Structures are given as structure tokens and as C-alpha cells.
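Visitor: I would like to go through this model with you, beginning with its charged pairs. Could you take me through them?

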Amino acid sequence: MSRHPSQTPASTRLPRTVWLLGWVSLFMDMSSELIHAVLPVYMTTVLGLSVLTVGFVEGIAEATASVLKAFSGALSDRLGKRKALAVLGYGLSALTKPLFPLASGAAEVIAARFIDRIGKGIRGAPRDALLADATPEPLRNAAYGLRQSMDTVGAFLGPLAAIALLWWLHDRLRLLLWFGVLPALVAVGILALGVREPDGLRARAPRVRDAGSGRTPRFAAARALPPAYWGVVAMAGVFTLARLSEAFLVLRAQQQGVALLWIPLVTLAFSLVYALSAYPSGLLAQRYGRRVPLLTGMAVLLVSMLLLALPGMPALWLGVALYGLHLGLTQGVFAAAVAASAPIALRGTAFGLYYLIIGLLQLLAGLGAGWLWQRFGAQAAFGAGAAMAAAALLLAALRAGGGARSG
């Protein structure tokens with residue numbers, strides 16, 4: 001990651017593909033977050049699952065998605081095509097949305113969650129590689145920041161719709177879940193009909209095939225990924241271990257006495273901050289280098305975990321807001337860093353491996369947090385996250401002081 005800002009591009013206008021992928025992310029996240037804003041409470045109160053089980057479900061679902069991201073990313077490199085895999089992944093996620101309200105028990109809800117994450121796993125790496133293919137390098141920080149912001153606007157609108165529907169439907173959760181279907185279908189339509197594959201990618205595919213042998217995607221080519229790429233993965237992995245997933249924020253709000261009608265405000269609050277900060281973070285990284293938003297995001301995560309460990313509504317809501325700010329400061333910047341550090345013909349593989357490692361660490365973090373919560377309480381779970389964030393911040397500061405380049 002370069003310390004210095006990129007040169008000023010001849011044109012600062014983001015390509016049409018970036019905006020369309022942003023709208024796709026907005027509508028799909030609106031659908032998903034409308035459902036997920038109430039799903040943890042639904043699982044614990046209606047279905048009677050434990051917090052440890054919720055942590056396991058969230059962790060294994062994300063890990064499943066990440067494994068598939070690794071293979072879909074490598075496959076997109078081999079085929080020289082991103083869009084078809086992205087449409088398949090978004091389409092599969094859209095088809096799973098009706099499974100949530102149709103479920104009659106815990107097994108069906110868990111199955112729907114896994115299938116939905118399978119769709120996410122198929123689409124994630126090809127979509128991010130497609131965005132990189134369509135965007136000039138000097139504009140990529142802004143491009144990933146914009147897509148992340150629009151994604152998070154959808155994550156804001158989903159819980160907002162959930163609150164309105166909870167009031168209108170008098171807390172009938174099953175009926176509410178049906179309203180998540182339509183925006184998912186809109187997202188698939190925009191991607192399938194509006195986005196075009198950039199010219200020239202297919203011509204680069206043979207270089208990927210030459211990196212390995214055989215007819216199936218393999219990861220021998222990953223050996224060609226440079227040390228800078230693995231540095232990005234290592235830092236992102238530390239972030240993942242330090243933060244509890246969004247489901248734990250929802251359960252913490254319920255534990256603190258937030259009424260069911262207002263539970264979606266948790267997702268809404270951090271999504272709003274996330275949406276407002278992601279694009280400016282990309283611009284900040286573009287101007288001053290990536291180290292500034294990444295180190296700031298790590299410090300913000302530390303404070304967020306400490307506040308969420310404390311009792312009381314002010315600490316809860318400030319902790320939730322800072323959780324969103326740390327995501328906005330870091331997630332788009334990490335994606336841009338992956339794109340910048342990977343060779344063009346290996347971008348799909350690079351994103352796939354990145355998501356694979358992050359997903360497995362999410363599983364570990366979810367299991368650990370769920371066990372700590374169930375055994376010692378919520379304060380222990382969030383306190384452990386704060387300790388991890390403090391250690392990560394110290395290591396990152398020492399690395400920066402030693403002259404490591406992270407911009």
C-alpha cells in the first residue's frame with residue numbers, strides 16, 4: 001500500500017459500472033437488513049436458540065460464504081468473466097428470501113441463512129474484481145468507498161422499513177419477512193440488465209491458466225501474490241478478530257431493554273454512520289494514503305467495544321455509532337488495498353482468498369464471543385474485543401513507526 005496519494009487522474013468521473021454496482025448493493029442490502037434487523041431476536045425469543053448458537057450460525061454462515069468467494073474469485077479469473085458469477089450469486093440470494101417467512105422452525109431458518117450466504121459467497125469476489133476491472137487505478141479508493149456507501153444506505157433503509165413494518169403489522173415478524181423479497185429482485189434486475197462486462201478481461205484469462213494446471217480453478221497461482229497483499233490480509237484479519245458481529249449488537253440492545261419495535265434502530269444507526277463515512281474515507285485514503293483511515297478505524301473500534309461493554313443506553317448507542325464509523329473507515333479501504341496489491345489477472349483469486357481468510361476468522365470470533373457471552377456475560381465478550389483491538393492498534397502503530405508502508 002503506497003504512502004503517497006495517487007496522481008490526479010485526467011477524469012474524476014466514476015464509471016457507470018461503479019454506480020450500477022452501487023445500486024445493486026443498495027437494493028440487496030436493503031432486503032437483507034430488513035430481515036436481519038430482527039432475525040437474532042427472532043432466533044432467540046421465538047425459536048429459543050442460545051446466544052452461543054446465534055454466534056455459531058452467524059460465524060459458520062459467513063465462513064461458508066467466504067469459502068465460496070475463494071473459488072468464485074479464482075473461477076472468474078480463469079473464465080475471464082465476472083458478471084455471470086455475480087448474477088448467479090445475487091440471484092440465489094434473492095431466491096432464498098421467501099424461505100425465511102416460510103420457515104416453520106430453527107432448522108429452516110438456519111438453512112435459509114446458509115443458502116443466502118452461499119449466494120453472497122458466489123457473487124462477492126467477482127463483483128469486487130469487476131469493479132476494479134472497470135475503474136482506473138487512481139479512482140479505485142473512491143469507487144470502493146462509493147459502492148460501500150451505497151451498500152450501507154441499503155443497510156440503513158432496511159431497518160428503517162423494518163421499524164415501520166413492525167409498527168404497522170403489530171410485531172408480526174413472519175409477515176414482515178415477506179417484504180424483504182422485492183428489493184432483492186430489483187437488485188438482480190439491475191445487475192443482469194444494466195451492468196456490462198469490461199472489454200479485454202477475457203483476453204487476460206490465459207495468464208491465469210498458465211499459473212497452474214488442470215481444468216479446474218486452483219490456488220497454485222496464489223503463490224504469485226506479493227507480500228503487500230498478504231500484509232493487507234493480515235491487518236484485515238486482526239480487525240475481524242477484534243470486533244463482534246452485528247448480531248451481538250442487536251442482542252446487546254435487547255439485553256439493555258430496547259423494545260422489539262426499536263430493535264432495528266441498532267442496525268439503522270450503525271448503517272447510517274457507515275454509509276456517511278465510507279465514501280469520505282475512500283477520498284481520505286486517495287489523498288493521504290490508506291494508513292490514516294485504517295489506524296483511525298482501529299482506534300474507533302477499540303472505543304466502540306469498550307462502550308458496548310458498559311451498562312446504560314448512552315454507552316450502547318454511542319458504541320453502536322462508533323461501530324458503524326469503524327466499518328466506514330476501513331472496509332472500502334481494505335477492498336481498494338486488495339485490488340491495488342494484486343496482479344490484474346489474479347484479482348478474482350486475491351479477493352477470493354481475502355474473503356476466505358476473513359470468513360474463517362469471523363467464525364472463530366463468533367464462536368469465541370458467543371462462548372464468552374454465555375459463560376461470563378456480555379461485558380466479557382465486548383471486553384475481549386476491546387483487548388484485541390488495543391493489541392492490534394499497538395502492533396499497527398509499531399509497524400508504522402518501523403517504516404512499513406500501509407497507505
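Visitor: Which residue forms a salt bridge with lysine 97?

Guide: In this predicted model, the partner of lysine 97 is aspartate 116, and the closest N and O atoms are 3.1 Å apart.

Visitor: Which parts does that pair tie together?

Guide: Lysine 97 sits in the loop between α4 and α5 (99-102), whereas aspartate 116 belongs to helix α6, so the salt bridge ties together parts that are 19 residues apart in sequence.

Visitor: Are lysine 97 and aspartate 116 buried or exposed?

Guide: Both lysine 97 and aspartate 116 are buried.

Visitor: How many salt bridges are found in the whole structure?

Guide: The search finds 5. One of them joins the side chains of arginine 82 and aspartate 133, at 2.8 Å from N to O. Arginine 82 lies in the loop between α3 (51-79) and α4 (83-96), and aspartate 133 lies in helix α6 (residues 106-134), so this pair links parts 51 residues apart in sequence.

Visitor: Why does arginine 82 count as buried?

Guide: Arginine 82 counts as buried because its relative accessibility is 0%, and the cut-off is under 20%. Aspartate 133 is also buried, with a relative accessible area of 15%.

Visitor: What does aspartate 128 pair with?

Guide: Aspartate 128 forms a salt bridge with arginine 147, with 4.0 Å between the closest N and O atoms. Aspartate 128 is in helix α6 and arginine 147 is in helix α7 (residues 140-169), so the pair ties together parts 19 residues apart in sequence. Aspartate 128 and arginine 147 are buried. Through shared partners, salt bridges join Arg127, Asp128, Arg147 and Asp151 into one network.

Visitor: Turning to the nonpolar side, which residues touch the most other members of the largest nonpolar core?

Guide: They are Leu176, Phe351, Tyr354 and Phe382, in a core of 106 residues. Helix α15 (residues 313-341) gives the most to this core, with 11 residues.

Visitor: What is phenylalanine 351 in contact with, leaving aside its neighbours within four places in sequence?

Guide: With those neighbours set aside, phenylalanine 351 is in contact with Ala125, Asp128, Ala129, Tyr144, Ala335, Val338 and Ala339. Asp128 is thus a contact of phenylalanine 351 and a salt-bridge partner of arginine 147.

Visitor: Which residues are in the other core?

Guide: Another core, apart from the largest one, has 5 residues, among them Val300, Ala315, Leu322 and Leu329.

Visitor: And on the surface, which residues form a nonpolar patch?

Guide: The patch consists of Leu99, Leu102, Ile115, Trp167, Trp168, Leu175, Trp178 and Phe179, which together have about 840 Å² of accessible area. The elements giving two or more residues to the patch are α5 and α7.

Visitor: Where is tryptophan 178 placed?

Guide: Tryptophan 178 is in the loop between α8 (173-177) and α9 (181-194). At 38% relative accessibility, tryptophan 178 counts as partly exposed.

Visitor: Stepping back, how many helices and strands are there in the protein?

Guide: The protein has 17 helices and 0 strands. Of its 407 residues, 57% are buried.

Visitor: What share of the contacts with a separation of 6 or more comes from residues 24 or more positions apart?

Guide: Residues 24 or more positions apart account for 87% of those contacts.

Visitor: Lastly, what area does the protein expose?

Guide: The protein exposes about 15900 Å², of which carbon and sulfur atoms supply 68%.

Note on methods. Residues numbered from 1 in each chain as written. Predicted model: local features only at pLDDT ≥ 70, side-chain atom pairs only at ≥ 80, totals over all residues. Heavy atoms only, no water. Helix = DSSP H or I, 4+ residues; strand = E, 2+ residues; numbered from the N terminus. Buried < 20%, exposed > 50% of the residue type's maximum accessible area, 1.4 Å probe, protein only. Core = buried A, V, L, I, M, F, W, Y, C linked by side-chain atoms within 4.5 Å. Contact = heavy atoms within 4.5 Å. Patch = residues over 30% accessible without salt bridge, like charges linked within 9 Å, V, L, I, M, F, W, Y side chains within 5 Å. Areas by Shrake-Rupley, 256 points an atom, 1.4 Å probe, with all protein chains shown as cover.
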